[in-house]
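Open the model in your viewer and keep the selection box ready. Each stop says what to select and what is there.

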Amino acid sequence: MLTPAQVPLPPATGAWREGDPHGRRQWHRRAVPLPLEAGGELPCVRLAFETWGRLAPDRRNAVLVLHALTGDSHVAGPAEPGHPTPGWWDGLVGPGLALDTDRWFVVAPNVLGGCQGSTGPSSPNPVGRPWGGDFPFLTQRDQVAAEAGLADALGVRRWALVIGGSMGGMRALEWAVAYPERTGALLLLATAARASAEQIAWAGIQTHAIRSDPHWHGGHYHDRAEGPHAGLGLARRLAHVTYRSEPELQLRFGRAPQGTEDPFSGGRYQVESYLDHHAAKLVRRFDAGSYVVLSEAMNSHDIGRDRGGVRAALRRVTARTLVAGVVSDRLYPPSQQAELAAGITTADDLRLIDSPHGHDGFLIEVEQVAALVGELLPRGGKA
């Protein structure tokens, strides 16, 4: 059943609350509780999603696009109520583009545990109060199980293509391993078969920054006047350094001061101002509790868990597959994508996205990503 509802969006100050405009989003409510991999269940599950194009009568033209950690369902389109910025892959989805909405039915859900309309820590629990710190531990498998329910509700038995980068790539891989019969083609970008020790370490520092904020209150801050904005801002600053490359930061900012500010007198360098800007943007649109839940879900990522190991799990993939890394990515280095390309028997040779932008290259280099989509979904051929 697809029903509209109010979406939780952050005010500029204070704690996370519900009731802001919801733009073009739709909702899927799961009819039964969702069993969780770590134990227990999530009794009330709602996924926000957006679609572009029309589902064909034979239902074979559906494409699933999965977002990264702080993304959401707004893959394409202008800024609008509920979405303060244009779509994060705006040049990829639309009439005449790589994901041509005159041909393909494109679906983008907001991940379970998120904060842009899907059930997460800011959502009401069974007694009507925000889940907060009581929200259960999620894994990628739980998130994909919820997305499979959305696919059922939409009448999509098999995706022509599942595509995702970073955290979205983890879920795309999980789709191909858990539901090989439902995944026709697969595009994995800047992702891994399992989270590495270094990736876990970086994420752990970020979640520690949030939990150390005096306004965290064990995660139960949603009904308070002030949330852990300072901790979330610090987490974003830390993360953003790992998302970009050192040569890019040096070329763009070097040691230059910010405007007339004097670093010798408490002023900032340009690169510090840059990080402050991205921290402030995230705090205005994202929930700290969701950041923690999703970061921990990413740390749990291991496609081989209880499947005989990574190699055995990757052999389950039957989809036509392309794997691509970003040459300058220091967070998810191309060696991790090489492991995927070597282990998936239906994968072509590893592709590399030429970009100075580090991990964020899979979001920025839209033309190169479009070319990869074109290999899996040729404009004149069958999916």
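Select S166 first, in the loop between strand 9 and helix 2. The model is predicted, so read each stop as a computed description. Is S166 buried or exposed? S166 is buried, at a relative accessible area of 6%. Check its backbone too: phi is positive, about 60°, although S166 is not a glycine.

Now jump to D306. You are in the loop between helix 7 (288-299) and helix 8 (310-314). D306 also has a positive phi of about 60°, and D306 is not a glycine. Its surroundings are another matter: D306 is exposed, with a relative accessible area of 72%.

**Helix 1 against helix 2**

Return to helix 2 (residues 167-178) and add helix 1 (140-154). How do these two helices pack? Their axes lie 9 Å apart, at an angle of about 70°. An angle from 65 to 115 degrees counts as roughly perpendicular, so helix 1 is roughly perpendicular to helix 2. The crossing of helix 1 past helix 2 is right-handed.

Show side chains at the contact. From helix 1, select Q140, R141, Q143, V144, E147, A148 and A151. Their partners in helix 2 are M167, M170, R171, E174 and W175. Colour the contact by class: you get 6 nonpolar, 2 polar and 4 charged residues.

Stay in helix 1 and centre on E147. E147 is buried, with a relative accessibility of 2%. Which residues does E147 contact, beyond its neighbours within four places in sequence? They are L47, L66, P109, R171 and W175. Two of these names, R171 and W175, you have just selected in helix 2.

**Aromatic pairs**

Next, select the aromatic rings. How many aromatic pairs does a search of the whole structure find? The count is 8. A pair of aromatic rings is described by the distance of the centres and the angle of the planes.

Take W131 and F135. Ring centres are 5.8 Å apart and the planes stand at 90°, so this pair is edge-to-face. Both W131 and F135 are buried.

Then pick W159 with W175. What kind of pair do W159 and W175 form? The planes are at 90° and the centres 6.1 Å apart, so the pair is edge-to-face. W159 sits in the loop between helix 1 and strand 9 (161-165), while W175 belongs to helix 2, so the pair ties together parts 16 residues apart in sequence. Toggle the surface. W175 has 0% relative accessibility and counts as buried. W159 is buried as well, at 2% relative accessible area.

Now select W88, W89 and F362. Ring pairs link W88, W89 and F362 into a cluster.

**Last stop: G40**

Where is G40? Look in the loop between strand 4 (34-35) and strand 5 (41-42). G40 is exposed, with a relative accessible area of 58%. Leaving aside neighbours within four places in sequence, G40 is in contact with L34 and P35.

Finish with a distance. Pick the C-alpha atoms of G40 and M298. Along the chain G40 and M298 are 258 residues apart, and their C-alpha atoms are separated by 19 Å.

Technical notes. Residues are numbered from 1 along each chain as its sequence is written. This is a predicted model: local features need pLDDT of at least 70, side-chain atom pairs count only at pLDDT 80 or more; totals for chains, interfaces and linings use all residues. Side-chain values use heavy atoms; hydrogens and water are left out. Rings of Phe, Tyr and Trp (its six-membered ring) pair if their centres lie within 6.5 Å; planes under 30 degrees apart count as stacked, over 60 as edge-to-face and the rest as tilted. Buried means under 20% relative accessible area, exposed over 50%, partly exposed in between (1.4 Å probe, protein chains only). Helices (H or I, at least four residues) and strands (E, at least two) are DSSP runs, numbered from the N terminus. Axes are lines fitted to C-alpha atoms, for helices over the stretch in contact, and angles run from 0 to 180 degrees between N-to-C directions. Angles under 35 degrees count as roughly parallel, over 145 as roughly antiparallel, 65 to 115 as roughly perpendicular and the rest as oblique. A crossing is left-handed if the near helix is turned anticlockwise from the far one by less than a right angle, and right-handed if clockwise. Contact means heavy atoms within 4.5 Å. Ala, Val, Leu, Ile, Met, Phe, Trp, Tyr, Cys and Pro count as nonpolar, Asp, Glu, Lys and Arg as charged, and the others, Gly among them, as polar.
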